[in-house]
Amino acid sequence: MSTEMEDGMEPIAVVGLAGRLPGAATIEAFWRNQRDGVESVTRFTPQQLADAGWPADMVAHPDYVPAAAVIEDADHFDAEFFGYSREQAEISDPQQRIFAETVWHALEDTGHDPARFDGAVGVYAGQFANKYLPLNLLANAKFRGSLAAFSARPYNDKDFLATRAAYLCDLRGPAMTVQSACSTSLVAIHLACQALLGHECDMALAGGVALPVPLIGGYPVVAGGIFARDGHCRPFDASSSGTVPGYGVTVVALRRLSDALADNDHIRALILGSALNNDGSAKFGFNAPNGQAQAEVIATAHAVAGVPSESIGYIEAHGTGTPLGDPIELAGLTKAFNTKERGYCAIGSAKANIGHLDAAAGAAGFARAVLALEHAQIPPSINYDAPNPALLLERTPFYVPTTARPWPRGATPRRAGVSAFAVGGTNAHVVLQEAPAPRAAEPPARDHQLLVLSARTTKALTDAANNLADRLEQDDLDLADVAYTLQVGRRAFPHRRHLVCRDRTEAITALRALARPGTEDTTANPDARQVVFMFPGSASHRPDAAARIHRSEPAFAREVDRCAELARPLLGHDPRALLLPSTWDGPQQPHDDPRGTAAAAFILQWSLAQLWQSWGVRPAAMIGEGDGEYVAACLAGVIDLADAIDVTITAAELRSRAGAGPVPDAHASEFAAKMARHALKPPQVPYICAATGTWTSPQEAVDPAHWARHLREPARTADGLRELAGEPGRILLEVGPGSTLTDTAARQDTAKQPAAVASLPPADGNRSDHAALLHAVGTLWQSTVHIDWEALRGTSRPRRVSLPGYPFQRSRYWIGPDSGSYEPLGLEEASWTSSS
């Protein structure tokens with residue numbers, strides 16, 4: 001689709017969602033609850049409320065309703081993940097804590113690691129009033145007498161919500177705390193869109209959080225108040241009496257559509273337009289709604305979006321279920337829609353399911369509408385039997401769906417509106433549209449995929465493996481998309497594992513096995529960053545050892561073809577006939593030509609080294625066995641490619657003439673003369689000389705006599721490998737077929753044995769060449785070697801997909817009041833209850 005509307009404004013793509021909402025620890029669980037009509041309001045026993053600190057006389061009062069929509073473990077936090085000390089975690093408002101975790105999950109849901117994101121990431125968010133500091137910390141004598149009391153404000157004050165998240169997640173764009181009471185988080189979404197359109201940032205996170213203290217509790221029913229007497233929120237229903245308190249957090253991630261399309265992001269929906277306004281004073285009082293202002297903000301959002309109201313199929317209303325607010329809201333909507341059509345647009349409110357989340361309510365409703373568009377389903381409105389007569393529903397464009405129903409696409413794309421209105425009069429409305437159809441999935445270039453998992457702890461890694469297995473069982477995700485998202489969209493932590501899998505079934509089995517107790521230690525060696533390339537030479541040659549890689553890796557194929565063109569005039573035939581006989585359609589060549597075998601081995605090892613380097617893996621040192629040293633010398637810049645191929649072929653011919661015995665001095669002299677005709681330079685990358693078993697000096701590298709000695713004397717490969725083992729932090733990578741040098745290195749009797757891995761399988765191996773190559777990539781990454789994942793994907797275009805977020809390992813961090821109980825403001829006043 002076009003990335004611009006008719007007036008030139010670019011749509012904003014919703015590329016990430018995360019939340020912890022009543023009855024739902026994840027955004028996926030939230031959608032299931034909405035779709036299935038689940039009410040997530042908890043009714044508490046007197047004992048539960050007493051344990052939480054509520055006064056007994058309040059709980060026992062007949063006008064006290066022991067119900068709220070709460071979240072579990074709101075006092076728990078993964079302090080270690082964010083680098084908090086116990087003291088810092090304990091003095092921090094739990095709203096700041098769970099907001100930071102949810103921001104991290106929203107970032108992960110985008111499939112982008114902010115550390116590698118090319119652009120600025122902004123944060124726009126707000127929170128419910130901070131009650132932890134006055135009701136908990138300041139009511140605790142030990143805290144008041146501690147030095148921590150002097151540093152508590154930045155961990156509690158509203159001002160620091162967005163900036164704290166930006167600090168903890170290292171985000172460099174604008175970070176603004178937004179406050180407008182109940183419309184806070186939808187206002188934050190609007191401001192985030194404006195920042196993106198103004199290029200103040202390139203990704204924006206927006207949302208809100210609400211956690212009253214105590215973390216469970218009910219509410220008093222106040223005459224003329226907004227809370228329901230029966231503990232149920234019934235938007236638009238004839239028996240509605242108000243709303244129910246809700247707790248939770250929602251964060252959305254937004255990008256300009258053009259950027260999201262370019263990066264193959266998982267686009268959940270589009271924002272076509274949004275608007276803000278305020279009621280002013282033309283209403284009954286400060287707390288009252290203003291239907292005219294609501295109508296104006298909705299009409300303005302429609303105008304900004306450039307869409308007719310008849311094209312909107314669903315409205316996520318503010319929908320508090322109050323007898324006064326619902327009719328005013330519906331009247332405003334009807335006026336804004338300004339159409340004679342009746343009963344075509346569904347209307348609902350997440351508050352029926354999860355209560356009123358105050359500052360987080362708008363983002364929760366936004367998430368509900370986005371998910372409805374994404375799943376092409378209109379969720380049911382629960383607690384609804386008959387319309388409030390004051391709505392005059394039959395005279396409006398709206399109907400209230402009581403069952404989940406498919407949302408078919410009509411003449412226009414599916415569209416939805418989201419409203420949030422606030423005490424104080426700040427109104428917000430957003431117009432959404434379904435995401436553009438994703439690009440058709442391409443057949444994967446490789447027959448296996450590399451999945452990488454990491455975490456800060458072994459337990460978190462185990463949880464991550466199980467969570468991913470669960471997702472693969474539930475959703476029909478393309479494994480190539482999953483692999484790519486894990487590679488580029490997740491931060492790499494110290495505990496690491498990798499899996500090479502052919503399909504989802506194999507991946508699920510491998511993930512479950514990884515998660516079983518007793519698996520090997522997953523801690524990466526933080527020093528194992530130096531990669532040593534080992535070239536096994538022509539002794540390792542095996543026809544078709546890299547045939548699949550030649551077919552699917554263009555960088556490898558280009559080097560093979562380039563080298564073959566250089567070697568063909570020297571050999572009198574094309575070495576690809578020996579290297580890739582199964583796919584070669586040219587003249588057949590004798591397989592007993594040692595010159596051709598040597599050339600084919602050189603070409604494979606050189607091309608494989610170039611492939612590794614294209615993926616960001618560059619050697620810190622090298623070693624070659626036999627004529628494998630010519631590959632090392634060429635890669636080190638000692639000799640250029642054409643000359644190295646010439647030398648390899650010449651050495652093979654001389655060795656062939658010598659038969660089984662050592663190369664005669666005369667042949668060595670001939671070889672020295674050949675080397676003297678080539679321009680030799682000191683090595684730019686250190687490598688071991690097989691003839692000496694130690695490092696090649698700059699003088700030796702340019703001395704033809706040294707090369708003659710290399711040809712004539714037996715190799716001291718084992719000595720060279722022991723030399724390599726003398727310095728810690730190295731991992732040995734065999735760049736050629738099989739595992740000859742890898743096995744030799746493993747047998748070395750050294751105090752610190754470096755890890756070694758083969759690029760390609762042996763002839764009798766049970767892995768394909770692709771699987772072996774990806775296993776080697778995973779092994780290097782597991783040893784903290786940097787991999788250029790974008791280069792690894794090559795010409796394929798995998799998509800970023802939504803995967804489970806980091807499994808935070810939470811513990812309880814809480815400082816309570818000395819008395820163990822709370823005295824909510826107004827408890828002493830008789831006016832708080834209608835029956836006193």
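A disulfide, for our purposes, is a pair of cysteine sulfur atoms within 2.5 Å. By that rule, the count here comes to 0 disulfides. This is a predicted model, so local features need pLDDT of at least 70 and side-chain atom pairs count only at pLDDT 80 or more, while totals for chains, interfaces and linings use all residues. Residues are numbered from 1 along each chain as its sequence is written, and side-chain values use heavy atoms, with hydrogens and water left out.

Back to the cysteines. The closest cysteine sulfur to that of Cys-182 sits in Cys-233, and at 12 Å it is too far for a bond. Cys-345 also has Cys-233 as the holder of its closest cysteine sulfur, but 19 Å away, so again too far for a bond. Cys-182 is buried at 11% relative accessible area, and Cys-345 is buried at 0%. (Buried means under 20% relative accessible area, exposed over 50%, and partly exposed in between, with a 1.4 Å probe and protein chains only.)

Cys-233 turns up once more, this time around Thr-243. That threonine lies in the loop between strand S9 (219–220) and S10, and at 0% relative accessibility it counts as buried. Leaving out residues up to four places away in sequence, Thr-243 touches Tyr-219, Ile-226, Phe-227, Ala-228, Cys-233, Thr-320, Lys-351, Gly-355 and His-356, where contact means heavy atoms within 4.5 Å.

Now follow the chain into the strands. Strands (E, at least two residues) and helices (H or I, at least four) are DSSP runs numbered from the N terminus, and two strands pair if DSSP finds at least two bridges between them. S10 (residues 248–256) pairs with S1 in the antiparallel sense over 8 bridges; within S10, Val-249 is the bridge partner of Arg-20. S1 also pairs with S11 (residues 269–278), again antiparallel, over 3 bridges, with Ala-13 opposite Leu-270. How much of S1 is buried? For S1 (residues 12–20), 9 of the 9 residues are, so the strand is largely enclosed by the rest of the structure.

Last stop: helix H21 (residues 594–614). The expected span of a helix is 1.5 Å times one less than its number of residues, so the 21 residues of H21 should cover 30 Å, and its end C-alpha atoms are indeed 30 Å apart. H21 is mostly covered, with 18 of its 21 residues buried. At its start, a side-chain oxygen of Asp-593 comes within 3.0 Å of the backbone nitrogen of Arg-595. After H21 comes Gly-616, with a positive phi near 90°.

Terms used:
A polar contact is a pair of N or O atoms within 3.5 Å; within protein, one must be able to donate a hydrogen and the other to accept it, and residues adjacent in sequence count only if both atoms are side-chain atoms.
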